[in-house]
Amino acid sequence: MDWLTQEILTQLFNLFTASLFKVGDYSVSISSIFVLIISLLIAIFTSSALSNFLKERLLVRMGIDEGNREAIAVIVRYATAALGILIVLQSIGFNLASLAVLAGGLGVGLGFGVQDLTTNFVSGLTLLVDRPVKVGDYIELGNLTGTVKKISIRSTIINTNDDSSVIVPNSSMIGNKIVNWSYDSSYCCLRIPVVVADDNDPLLVTETLLSAAYMESAILYNPNPRVLFVGFTEQGFKFELLAWLDKPNKIELIKSSLNFAIEYNFRENGIKFPTDDRNLWFQNPEVFAPLLQKQNSTKIDPKKETDITASYESALHIAPIPAKQLPVHDLLRQIVYFQNLNDLELRQLIEAGYRQRLVPSQILFRENDPGDAFFIILEGTVEVFVEKINKHLVNLTVGQFFGELALMLGIPRTATVRAIEETILFAINKAGFQQLLQEHPELFEEIVKALGNHQEELTARQKQLREMGLVDTAEDDQNPVAWVRKRLQKLFNL
């Protein structure tokens, strides 16, 4: 290295290390600024990498939900970034006491200027620590509705139903009333009010509304859809359909689909909406006579009317209800144990049930499975057979039922049932039946009374359970009616 090159390097070194200004006792140079910037970038990159590792890998493996993962990751990112900055300043010899003096001086001047920023910062910490709203929650904030996409220290990003992103200051999230649909669970309850004419059968209306709810694939089977008889109005009977879904961001589309299904099912079942019976009187009716005659002379082509109806049904993707299919409450009345129930008790029984769809060849249950539900076939056909010896027993079709005694007496299945074609079943499981009996003790007495009219069958079932060792000595009784009462009380915690 010659003398000139060495001189240039010396001058450059002196230039980079020369003091530009002082912060307290610390001299700031170009080299210290360069080292500071590189160190800060490394600290920020490290904190970001650690945050992403926690959010995307470690916390996922620990089974922590998305909202908590995001909150923990954000807090760790800002905490490690702040700690890294302090370590960097200390490592380069910066006196933090000088920084405190500088911050104190600037704080008075900038206090009013960064007031909103400070408020949003504190609100962001509150959201992340207290977590009244989490990432993934579906919320309503004023006229804004959507899913929380991200919560940062300064703002919250909400993804609306039309897929646009709205940035909301955290102070607005804390200072305003928020409806959080996902606070307790991810389910959202959809309420659809319906008013029908007062000459409709409330039981048929209830069943039809439930059938419409089950036609929408987005509606959950658990919790089951419910129908409330809200009251009486001048127009007629007021009902409310309650249905739960786990896709709150699709609530408007699902509500529209349900409205279509309700209107379709009402037409198919002859349920009428209220009509306005007010009459309009004309002082000179003869003026309108030519117009009425012209309207009456215009006829609709029956073929076109049929095409319009077919197009409408096709647009809804709703399969027409089979003409031979009976309403569920009529099918329940064909079961000997329920035939004496009144309309109110049948309605409660229908609400305790749910629809179950089977694809061809799908097994519903196998022999020796617990008898924890009974079924009525609404559409399709099932085959009953003994799987061990591959013996066909019978085919059951629309309107037929099976498994009611297995549910009520806790008897294991004696055969296997599978769908021959696409099949829709009305089912009541043990949980729904137990809730029904616990809430309505009078229904329990009706069922015991009905079972008591078939003592021979009860005796045979009791003997079968004795042989299988499934009869507890505390419930066993020579009187089959007394035995079945004790067994129902034990099985359903009555």
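Helices, of at least four residues, and strands, of at least two, are DSSP runs numbered from the N terminus. Counted that way, this protein has 17 helices and 18 strands. The model you are looking at is a predicted one. The protein has 494 residues, and 38% of them count as buried. Among its contacts with a separation of 6 or more, 66% are between residues 24 or more positions apart. Here is a friendly tour of some of its parts.

**Strand E3 and its two partners**

- Strand E3 covers residues 138–141 and strand E4 covers residues 144–151; the two run antiparallel and are joined by 4 bridges.
- E3 and E4 make a hairpin with 2 residues between the strands, where glycine 142 takes a positive phi near 65°.
- E3 also runs antiparallel to E7, with 3 bridges joining them.
- Glutamate 140 is a handy residue to click on: it stands opposite threonine 145 in E4, and it also stands opposite valine 179 in E7.
- As a reminder, strands of a sheet pair through backbone hydrogen bonds, either parallel or antiparallel.

**Asparagine 180, a residue of E7**

- Strand E7 spans residues 178–180, and asparagine 180 is found in it.
- Is asparagine 180 buried or exposed? Its relative accessibility is 16%, and buried means under 20%, so asparagine 180 counts as buried.
- The side chain of asparagine 180 makes a polar contact with the side chain of aspartate 137, at 3.0 Å.
- Leaving aside residues up to four places away in sequence, asparagine 180 touches Pro132, Val133, Asp137, Tyr138 and Ile139.

**The E5–E6 hairpin**

- Strand E5 (residues 155–160) pairs with strand E6 (residues 165–169) in the antiparallel sense, over 5 bridges.
- To find this pairing in the viewer, start at serine 155, whose bridge partner in E6 is proline 169.
- The hairpin of E5 and E6 has 4 residues between the strands, and aspartate 163 takes a positive phi near 65° there.

**Strand E10, with E8 and E9**

- Strand E10 runs over residues 237–245 and is mostly covered, with 8 of its 9 residues buried.
- Strand E8 (residues 188–196) is joined to E10 by 9 bridges, and the two run antiparallel.
- Within that pairing, proline 193 has glutamate 240 in E10 as its bridge partner.
- Strand E9 (residues 226–232) is also antiparallel to E10, with 6 bridges joining the two.
- Here valine 227 has leucine 241 in E10 as its bridge partner.
- E9 and E10 form a hairpin with 4 residues between them, and glycine 236 in the turn has a positive phi of about 155°.
- When you look along any of these strands, keep in mind that in a regular strand the side chains alternate between the two faces of the sheet.

**A four-stranded open sheet**

- In what order do the 4 strands of the open sheet lie? The order is E11-E18-E13-E16, and the pairing is antiparallel.
- Strand E11 (354–358) and strand E16 (401–402) stand at the edges; each has a single partner strand, so one side of each is left without a neighbour in the sheet.
- E11 pairs with strand E18 (residues 423–429) in the antiparallel sense over 5 bridges.
- Glutamine 356 stands opposite leucine 425 in E18.

**The second largest pocket and helix H12**

- The second largest pocket has a volume of about 390 Å³.
- Helix H12 (343–352) and helix H14 (430–439) are the elements that give two or more residues to the lining of this pocket.
- Which helix gives the most to the lining? H14 does, with 5 residues.
- The lining has 16 residues, and those nearest the centre of the pocket are Asn224, Glu351, Ala352, Gly432 and Gln435.
- Sorted by class, the lining comes to 6 nonpolar, 7 polar and 3 charged residues.
- H12 is mostly covered, with 8 of its 10 residues buried.
- The buried residues of H12 are Glu345, Leu346, Arg347, Gln348, Leu349, Ile350, Glu351 and Ala352.
- Glu351 and Ala352 therefore appear in both lists: they count as buried under the 20% cut-off, and they lie among the residues nearest the centre of the pocket.

Note on methods. Residues are numbered from 1 along each chain as its sequence is written. This is a predicted model: local features need pLDDT of at least 70, side-chain atom pairs count only at pLDDT 80 or more; totals for chains, interfaces and linings use all residues. Side-chain values use heavy atoms; hydrogens and water are left out. On a 1 Å grid over the protein atoms alone, a cavity is a set of points where a 1.4 Å probe fits but cannot get out, and a pocket is an open set with protein on both sides within 12 Å along at least five of seven lines; lining residues have an atom within 4 Å of a point. Grid points are joined across faces, edges and corners, and a volume is the space filled by probe spheres set on the points. Ala, Val, Leu, Ile, Met, Phe, Trp, Tyr, Cys and Pro count as nonpolar, Asp, Glu, Lys and Arg as charged, and the others, Gly among them, as polar. Two strands pair if DSSP finds at least two bridges between them. Buried means under 20% relative accessible area, exposed over 50%, partly exposed in between (1.4 Å probe, protein chains only). A polar contact is a pair of N or O atoms within 3.5 Å; within protein, one must be able to donate a hydrogen and the other to accept it, and residues adjacent in sequence count only if both atoms are side-chain atoms. Contact means heavy atoms within 4.5 Å.
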